[in-house]
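Thanks for asking me to look this one over. My notes follow as numbered points, so you can check each against the coordinates as you go.

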Amino acid sequence: MSVPDRAVAPRFDPAFRERLRALLTWRRDVRRFRRDRLPDGAIERLIETACLAPSVGLSQPWRFILVEDAGRRRAVRDLFAACNAAALADYADEAARRYATLKLAGLDDAPGQLAVFADRTTVQGRGLGRRTMPEMIEYSVVAAVHTLWLAARSMDIGVGWVSILEPEQLSAILEVPASWRLIAYLCLGYPEHDDTTPALEHAGWERRREAAAFILRR
């Protein structure tokens, strides 16, 4: 049996690693976008990069919906408004006042909108790695979303992940199969400004903690 040729792995030097850390640092959840159009094919190129993400059993369970129809976008905006009002009602006093001031979606301004689903019924991968952890299908799609997010930042494109949406209602708006599970609804566009500090930290909602706070040893 012949041995297939192997690609030669690149060597990533310290300068590259510093730039990678800068990319991770400057990747922010963007809520405020300029209305400038994105270049033709930009989102499709980002999706191609996202598909380089790892997936359980090589299942590639991600499904991308480019939301371009104005009517569907209005329906998504209305759904967000209803879900956001319900979320506000869960808070009281100072937390409610502060929540009401937060800008939590860029749906009005972002030129690109992309819904990302996990196809839980895919036969690709033949179930490998999913018997004990079937949720690996969803985790694989999350990895693809993060890959897209970093690639977008490298192109000066900001991404905002809108999670204040009711998944079943959104699936109905976009007319996707019932077996698909919503993972992310993303707004894409050029940020009004760049920052290394999370917007929620600026707003006084929460602060980022150091990595040491999350490390346990056994």
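1. Let me start with Asp40 and Arg37, whose side chains meet in a salt bridge with an N to O distance of 3.2 Å. Please keep in mind that this is a predicted model. Asp40 counts as exposed because its relative accessible area is 63%, and Arg37 is likewise exposed, at 66%. By the rule applied here, the count for salt bridges comes to 13.

2. Another salt bridge joins Glu138 to Arg181, with the closest N and O atoms 3.4 Å apart. Glu138 belongs to helix α5 and Arg181 to strand β4, so this contact ties together parts that are 43 residues apart in sequence. The two partners are worth viewing with the surface switched on: Glu138 is buried, at 9% relative accessibility, whereas Arg181 is partly exposed, with a relative accessible area of 42%.

3. Helix α5 also supplies Arg153, and the side chains of Arg153 and Asp194 meet in a salt bridge at 3.1 Å, N to O. Asp194 sits in the loop between β4 and α7 (199-202), so the pair ties together parts that are 41 residues apart in sequence. Arg153 counts as buried because its relative accessibility is 16%, and the cut-off is under 20%. Asp194 is partly exposed, with a relative accessible area of 45%.

4. Charged side chains also come as a group: Glu94, Arg97 and Arg98 are linked in a network of salt bridges.

5. Now for the strands. How many bridges hold β2 (residues 112-119) and β4 together? There are eight, and the pairing is antiparallel. One of the partners to look for is Trp180 in β4, which is bridged to Asp119. Strand β4 also pairs with β3, again in the antiparallel sense, over five bridges. Val162 stands opposite Tyr185 in β4.

6. Is strand β4 (residues 180-189) mostly covered or mostly open? Mostly covered: nine of its ten residues are buried. For the chain as a whole, 36% of the 218 residues count as buried.

7. On to the aromatic side chains, where a search of the whole structure finds six pairs. One of them is Tyr91 with Tyr99: the ring centres are 5.1 Å apart and the planes lie at 25°, so the pair is stacked. Tyr91 is partly exposed, at 35% relative accessibility, while Tyr99 is buried, at 7%. Tyr91 and Tyr99 also join Trp205 in one aromatic cluster.

8. Trp149 and Trp161 form a tilted aromatic pair, 6.0 Å centre to centre, with 50° between the planes. This pair links distant parts of the chain, since Trp149 is in helix α5 (residues 136-154) and Trp161 in strand β3 (residues 158-162), twelve residues apart. Trp149 is buried, with a relative accessible area of 8%. Trp161 counts as partly exposed because its relative accessibility is 22%, and the buried class needs a value under 20%.

9. Trp149 has a charged neighbour too. What sits over its ring? The charged end of Arg27 does, 4.6 Å from the ring centre.

10. Which residues make the nonpolar surface patch of about 360 Å²? They are Phe12, Phe16, Leu20 and Leu24. Phe12 lies in the segment before α1 (14-26). Phe12 counts as partly exposed because its relative accessibility is 47%.

11. Finally, the overall layout. The secondary structure comes to seven helices and four strands. From the N terminus on, the elements follow the order α-α-β-α-α-β-α-β-α-β-α. Taken along the principal axes, the C-alpha atoms fill a box of roughly 70 × 50 × 45 Å.

12. If you have time for one guided look, I would suggest helix α5. Glu138 in α5 is salt-bridged to Arg181 of β4, Arg153 in α5 is salt-bridged to Asp194, and Trp149 in α5 pairs with Trp161 of β3.

How values were computed. Residues are numbered from 1 along each chain as its sequence is written. This is a predicted model: local features need pLDDT of at least 70, side-chain atom pairs count only at pLDDT 80 or more; totals for chains, interfaces and linings use all residues. Side-chain values use heavy atoms; hydrogens and water are left out. Patches are made of residues with over 30% relative accessible area and no salt bridge: like charges are joined within 9 Å, nonpolar side chains (Val, Leu, Ile, Met, Phe, Trp, Tyr) within 5 Å. Accessible areas come from the Shrake-Rupley method with a 1.4 Å probe; for residues, only the protein chains shown count as cover. A salt bridge is a side-chain nitrogen of Lys or Arg within 4 Å of a carboxyl oxygen of Asp or Glu. Helices (H or I, at least four residues) and strands (E, at least two) are DSSP runs, numbered from the N terminus. Buried means under 20% relative accessible area, exposed over 50%, partly exposed in between (1.4 Å probe, protein chains only). Rings of Phe, Tyr and Trp (its six-membered ring) pair if their centres lie within 6.5 Å; planes under 30 degrees apart count as stacked, over 60 as edge-to-face and the rest as tilted. A charge sits over a ring if NZ of Lys or CZ of Arg is within 6 Å of the ring centre and within 35 degrees of the ring normal. Two strands pair if DSSP finds at least two bridges between them.
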